[in-house]
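Thanks for making the time this morning; I would like to walk through this model chain by chain, with the definitions given as we reach them. Please have the sequence and the structure open while I talk.

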Amino acid sequence: MRAPDTNDILLEVERVVLSFGGVKALRDVSFNIRKGEIRAIIGPNGAGKTSMLNVINGFYRPNHGAITFKGRTRAKMQPFEAARGGIARTFQNVALFKGMSALDNIMAGRTLKVRRGLLWQVLRLGPALAEEVEHRRKVEEIIDFLEIETIRKVPVGRLPYGLQKRVELGRALAMEPDLLLLDEPMAGMNLEEKEDMSRFIIDVNNHYGTTIALIEHDMAVVMDLSDRVAVLDHGVKIADGTPDEVKRSQVVIDAYLGVAH
Amino acid sequence: MLYREAGQFKTTYAEDMAIFPIRQDRIALAILVGIAFIGVPLLATFHVWPFGSDYLLWAILLPFLILALAAIGTNILVGYCGQISLGSGAFMAIGAYSAYKLATGVHIPLASLGFAIAIPPLPVLASILLGGLMSAGVGILFGIPSLRIKGLYLAVATLAAQFFFDWAFLRLPWFTNYAPSGSVNAPELDFFGVVVRTPVERYLLCLLFVTVLAVLAKNLVRGNLGRQWMAIRDMDIAAELIGIRPLYAKLTAFAVSSFIIGVAGALWGFVYLGSWEPLAFSIERSLDLLFMVIIGGLGSIMGSFIGAAFILIVPILLNVLPTELGLPLSTQTITHLQFIIFGSLICYLLIKEPHGFARLISIGKEKLRLWPFPY
Amino acid sequence: MIAFGQFLEVLIGGLMSGVLYSLVALGFVLIFKASGVFNYAQGAMVLLAGLALVRALDLLVANGFPLWVAVVLAIGFAAVIMAATAWLIERFVIGPLVNQDALTLFMSTIGVTFVIEGVAEMIFGSDVYPLRLFPTDAWFLFEGLFPGGILVNKLDVWGALIAGILVGGLAIFFQRTKTGRALRAVADDHLAAHSVGIPISWIWFVVWLVAGLVALVAATVWGTKLGVQFSITFLALKALPVLIIGGLTSIPGAIVGGLIVGAGEKIAEVYLGPSIGGGIEYWFAYVLALAVLLVRPQGLFGERIIERI
C-alpha cells in the first residue's frame, strides 16, 4: 500500500499571491506536497485551483511568495524549465497535439530524455536509431499500462474524450516526472471511465512512485484517492488535512453550500 | 486484392517505425526509384518516347525535382512547425546568390579596417551546400521574431525578408559581381572532375540531391525533432509544459527549412536556369511554394512532391488541352484560369481536407486495404 | 531654407501617399476586428473594385451618358460587385471555416486573392485603365517662404479628405448603428454573440461588404493616381506592414501607421536612397514593421495580448 514518507517535502508553496490586474486569483496561499503522496486541491469554481497549478509549473509568475521544489527555491522560471525539473501536467480541457497520433503524442513526452541531437536524428542510424527504439519501448510500456494499444496510430483529434484524457496522462507519464499535476482528470467522464481513471492514478502512484497533485470536483473520487486535501475558496486556503478532517470542517461545508462570508 | 498486409508481422519496433511499413508500398517505391534513376536516363539517352526531345526533362522533370525540394523545405516550416512563410523565394535567392558568390570567389574590401576578406573560388558542391547553410543562417535571423509573435505577424516578417532580398540582389552590384545587366551566369558544374552538362546529367544530379535530402528530411520529421515541431504547431503552450523549448524547436525548423530551400535555390540557379536575374525568386515563387504545400498536404513530405507536380502540370495542361480540342486559349486567359483554379482549390482543400492530396491518397489506400468491404 | 523647403515637400508628399496606404489598411482592420481574419485579399479587392468602376465608367461614357450620371452608375455597379464578392466569400470560404485557426483563415484569404484576381482580370481585362475622378494637378504653397514654394498634389489632398470622411463615417457606423454594435459584439466573442441572437453570417457579410466599399473608395483614389492595374495589389500589400506598425485592431492605428510608412519611405528614399542604390521604398515599410514587431509586437495602438489556458 501507499506509505508516503511523511517528513519528506517535495514541493513547498509559501505565501503565494497572484493577481491579474485588480483581480486576486490567489491570496497568500501556502501548502506543501510530500514525496509519494496523492494530494488533492479542491474548491468551488473560480477558487484559484488551476491558477495554483499554473504557478507551480511556471506558466504564471506569482506576484509574491516562493515555491520550493526538490529543495530549490525559485522566483520565476519558464514552463519548460519546470518540465526539466520533473513536473508534468495534464489539463482541464485536454491539451493534446491534435494533428499527431496517440503514439506520437506520448513519444513527444520523451523529448527531455532524448540525448542524440539534430545531426544524429538526420541520419537516424546506429545510436540514434537505437535510442529511438528504446524510447518507443518505454512508450509502449505506458501504452500497455493505460490499455490504449488499439488506438496508437489514430490521430488524437478523432478519439473520444475519455481516451484523449488517457493519452494525455500517457504523455505526462512519458516524462517520468517526480511530480504529476492533474487538472480535473475526470471532468466530463461517465462512471466507468472515472473508475478506470482512478485506477490508473492509484497505479501510477504505486507502480512508479510518482507524487501526484490533482484538482477534482467529484468529492467521492477525491476522498477515495487522496492522502491529503487542501481546500481553496476565492483564492484563500480555508482548510487542509486528511480527507476525513476536511469533510468534517464547517468552513468547507459553508464554502460549498455558498454561505455568505 | 493485391493490397493486403495480412501475414506481414512486425517483430521489432524498428520495423514498425519504417517509412513504409507495408510491403506493397515498399515494392511500389522500389519500382518508382528504379524508373527515376535508371528508366528515365536510359529512355532519355536513347531518345525513346516520351523522351524524343529534351522537353520533358527540361520543362517538367528538372523544375519538378527542384521545386519539390523547395516545397519540402517550405513544408517543414509551414506544415510541420506551423510557422507561416511568405518569403521562401527569398531564401531560394539567398542560396543561389551565396552559392554563386562562393563559386566565383568572395572579395570583401574592408578598406577602413585596412584589410580585405578574400575567399578563393570554391568547388561547385561546396558552394551549393554552403549556399544552403548561408540561407539557414539568414533563416534563423528572420525566425527570431517568431519567438515573440504568432502566425499572422510572422507573415509580415517573412514578407520583409522577401522584399528586402529582392531589392538587395537587384540593387547591390556586389552580389552580381558588378555584371552590368544584373544577371549572373552559373559556373561550370564540375563535381570532382565529373562535369555535368546534358539535360540527363542535370536531371540525375538534381534527383540525387532531392532523394538524399528528402530521406534526411523524412528522418527528421519522424524523429523527436519532428515531433517537437508538430507539438509547437498544434499547441505551443502544452509543448512547452512537456519540456520543449520553443526557441530551439522554432529556430531549428527555420534553419532546416531554409537550408533545404537554399540548396533548392542554388540548384535552380546553377542547374536549371544556368543564368538568372534577381526577379527569378520573387514573391510569386514564394506563393507558388506555399500553394504546393497546401495542395500537396501540410505536414507531408510526399505531399510536397504531389503539390510541386500539380502546380507545374496545371499550366501545361491548360496550354495543351484546349489546343488539342481546337479551342486554343490566349496566354492571358491561361494565366487567369490558373489563378482561379489554384485559388479555389486552396480554399476547397483548406475547408475539406487540410492535409491535401497526400491525405486523399492515404484515405484511398485505406479503402483499398479493406476492399471490397466498406470498412 | 531651400533644404528645409525640400524636406517639407518630401514630408508632405510622403504623408499624403501614406493616406493611401491607410485607406487600404482600414479595410484590413475592419475585417480583423470583426472576425479575426487577416485578410490578404484586401489588395485584390481594391483591384476588383477599381476595374469594375473604370470599365463601367468607360462603357457608359462611350454610350453617351453624361459624365456625372455615368460616375454615379459606375460607382453603384462597383458597389454591387463588392457586395456580391462579400456574399460569396462569406458563403463559401469564411463561413465554412468558422472556428478554424488564424493560420488556416489567412491561407484561405490568399486563395481568395488568387480567385478574385483571376476572375476580375478575366471579366474586366488586364491592361492599365486610366481613371479621372479627381484633379491631379498641383498647388504651390508658401511661395513667399520658400523659393518655388512647396508642391502639393491636389489628388493627395482629396485622398486625405476622403480618408478623413471615411474614418468619421466608420466611427459613427460602429458606435451609433445597431449593426455596428452587433459587429463589436461579434468581434469580442462570436459564440456569445451568436447565443444572444446576433446572426453571425449576416454580420460577417456586412463586414466584408464594408471592407469592400472601403476598397472601392481606395480604388477611386489609387486608380486616379496610378491607373487601375494589377500592380495595385502589390502596393496594397504594404497595408500589412502599416497595420503591424499601427496595431492590428486599431482604426486610428491604421491611419497613423499609414502616415508613418508613407513619410518614412519617402524621406528614406530621398535622403538615404542615393547612397545605397535607391529603391528603398520597395522594402522600407516591411523592415520598419519587422523592427516594430521586435520591440512592440502589438503595434503602436494595438491591445496587449494576454494568453490564458
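In strand 2 of chain A, F31(A) is the bridge partner of V13(A). What we are looking at is a predicted model, in which local features need pLDDT of at least 70 and side-chain atom pairs count only at pLDDT 80 or more, while totals for chains, interfaces and linings use all residues. Residues are numbered from 1 along each chain as its sequence is written, and chains are lettered from A, with ligands numbered from 1, in the order in which they are written.

To return to that pair of strands, strand 1 (residues 9–20) of chain A runs antiparallel to strand 2 of chain A, and eight bridges join them. Two strands are taken to pair if DSSP finds at least two bridges between them, and the elements themselves are DSSP runs numbered from the N terminus, helices being H or I with at least four residues and strands being E with at least two. As general background, strands of a sheet pair through backbone hydrogen bonds, either parallel or antiparallel.

These strands belong to an open sheet of four strands in chain A, with the order 2-1-4-5 and antiparallel pairing. Strand 2 (23–34) and strand 5 (72–74) of chain A stand at the edges, and each has a single partner strand, so one side of each is left without a neighbour in the sheet. From one strand to the next, the twist averages 20 degrees. Helix 1 (residues 49–56) of chain A lies across strand 1, strand 2 and strand 4 (64–69) of chain A, and runs at about 65 degrees to strand 2 of chain A; here axes are lines fitted to C-alpha atoms, for helices over the stretch in contact, and angles run from 0 to 180 degrees between N-to-C directions.

Taking chain A as a whole, there are 10 helices and 10 strands. Its radius of gyration is 19 Å, close to the 18 Å that the globule rule gives for 261 residues, so chain A is as compact as a globular protein of that length; the radius is taken over C-alpha atoms, and the rule is 2.2 Å times the number of residues to the power 0.38. Buried residues make up 46% of the 261 residues in chain A, where buried requires 20 or more other C-beta atoms within 10 Å of a residue's own, exposed 12 or fewer, and partly exposed lies in between, with C-beta atoms placed from the backbone. Among contacts in chain A between residues at least 6 apart in sequence, 69% join residues at least 24 apart, a contact being two residues whose C-beta atoms, placed from the backbone, lie within 7 Å.

One residue of chain A deserves a closer look in the backbone: E176(A) has a phi near 50 degrees, a positive value in a residue other than glycine. In general, most residues other than glycine have a negative phi. E176(A) sits in the loop between helix 6 (161–174) and strand 7 (179–183) of chain A, and is partly exposed, with 16 other C-beta atoms within 10 Å.

Moving to chain B, F192(B) likewise has a positive phi near 50 degrees, and its place is in the loop between strand 4 (189–191) and strand 5 (194–196) of chain B. F192(B) is exposed, with 7 other C-beta atoms within 10 Å.

Also in chain B, strand 1 (residues 106–110) and strand 2 pair in the antiparallel sense over five bridges, and H107(B) has A118(B) as its bridge partner in strand 2 of chain B. Their hairpin has four residues between the strands, and G114(B) takes a positive phi near 85 degrees there. Strand 2 (residues 115–119) of chain B is hardly covered, with a count of zero buried residues among its five.

Finally, chain C comes to 13 helices and two strands, and 47% of its 309 residues count as buried. How many residues does each chain give to the contact between chain C and chain B? The contact takes 38 residues from chain C and 35 residues from chain B. On the side of chain C that touches chain B, the largest share, 17 residues, comes from helix 4 of chain C.
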